[in-house]
Amino acid sequence: MGTDVVEFQIGGGYYAIDVRIAREIVEMMKITPIPRAPSYISGVINLRGEVTNIINIREFIGIPEDDGTSARKIIVLMPEATGGSSVGIIVDDVRSVMQISADCVEVLGEGLSSDITCYVKGIIKLPETNEEESTRLII
């Protein structure tokens, strides 16, 4: 049995989250900054009357900003996945929702830093459709 994931792009990399923790995907909108907030918190938005905290995932994981990205989206997470808070993450683009099988996922080993393993479950390896021997990696 497979798992449905939302694949998105940040910088030149591809990432995915379990679709069960993604509540919705919304177009980028005006974000109100919060004074003295950590640098990875962009601010808050009013999403249909609900104040939603917005995390700049680029800043959080240390990927330099790219001003050329115009297709940015906000993936709003399920409150159950965020300890009850309304939280969204900024991504450069949402590519697709797809089903992956367990044998496509390589789970990260204990040898990696615990800072990484608390955010990354594994690497999805998918064959490229345009090159027979190439594999696309999704974190």
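Let's start with one residue: Arg-95 is partly exposed, with a relative accessibility of 41%. Its salt-bridge partner is Glu-7, and the N-to-O distance between the two side chains is 3.2 Å. Please keep in mind that this is a predicted model. The points below begin with this pair, move on to other charged contacts, and then turn to the sheet and a surface patch.

**Glu-7 and Arg-95**

- Glu-7 belongs to strand 1 (residues 2–10) and Arg-95 to strand 8 (residues 93–101), so this salt bridge links distant parts of the chain, 88 residues apart.
- Glu-7 is buried, at 1% relative accessibility, whereas Arg-95 is partly exposed.

**Other salt bridges**

- The whole structure holds 11 salt bridges.
- Arg-23 and Glu-50 form one of them, with 3.1 Å from N to O.
- Because Arg-23 sits in strand 3 and Glu-50 in strand 5, their contact ties together parts that lie 27 residues apart in sequence.
- Arg-23 is partly exposed at 29% relative accessibility, and Glu-50 is partly exposed at 31%.
- Another salt bridge joins Asp-92 and Arg-58, whose closest N and O atoms are 2.6 Å apart.
- Asp-92 is in the loop between strand 7 and strand 8, while Arg-58 is in helix 1, so this pair ties together parts 34 residues apart in sequence.
- Both residues of this pair are buried: Asp-92 has a relative accessible area of 7%, and Arg-58 has a relative accessibility of 3%.
- Arg-23, Glu-24, Arg-48 and Glu-50 are joined into one network by salt bridges that share partners.

**The open sheet**

- An open sheet is built from 5 strands in the order 3-6-7-5-4, with mixed pairing.
- Strand 3 (22–27) and strand 4 (41–47) are at the edges; each has a single partner strand, so one side of each has no neighbour in the sheet.
- On average, neighbouring strands of this sheet are turned by 30 degrees against each other, direction ignored.
- Strand 3 pairs with strand 6 in the antiparallel sense over 5 bridges, and here Ala-22 stands opposite Leu-77 of strand 6.
- Strand 6 and strand 7 also run antiparallel, joined by 4 bridges; Ile-75 has Ile-89 in strand 7 as its bridge partner.
- Strand 5 (residues 50–56) and strand 7 (residues 87–91) pair in the parallel sense, over 4 bridges.
- Within strand 7, Gly-88 is the bridge partner of Ile-54.

**Strand 6, covered on both faces**

- Strand 6 (residues 73–77) is mostly covered, with 5 of its 5 residues buried.
- In a regular strand, side chains alternate between the two faces of the sheet.
- One side of strand 6 carries Lys-73, Ile-75 and Leu-77, the other Ile-74 and Val-76, and all of these are buried.

**A nonpolar patch on the surface**

- Phe-60, Ile-61 and Tyr-119 make up a nonpolar surface patch, with about 310 Å² of accessible area together.
- Phe-60 lies in helix 1 (residues 57–61).
- The relative accessible area of Phe-60 is 33%, so this residue counts as partly exposed.

Technical notes:
Residues are numbered from 1 along each chain as its sequence is written. This is a predicted model: local features need pLDDT of at least 70, side-chain atom pairs count only at pLDDT 80 or more; totals for chains, interfaces and linings use all residues. Side-chain values use heavy atoms; hydrogens and water are left out. Two strands pair if DSSP finds at least two bridges between them. Helices (H or I, at least four residues) and strands (E, at least two) are DSSP runs, numbered from the N terminus. Axes are lines fitted to C-alpha atoms, for helices over the stretch in contact, and angles run from 0 to 180 degrees between N-to-C directions. Patches are made of residues with over 30% relative accessible area and no salt bridge: like charges are joined within 9 Å, nonpolar side chains (Val, Leu, Ile, Met, Phe, Trp, Tyr) within 5 Å. Accessible areas come from the Shrake-Rupley method with a 1.4 Å probe; for residues, only the protein chains shown count as cover. A salt bridge is a side-chain nitrogen of Lys or Arg within 4 Å of a carboxyl oxygen of Asp or Glu. Buried means under 20% relative accessible area, exposed over 50%, partly exposed in between (1.4 Å probe, protein chains only).
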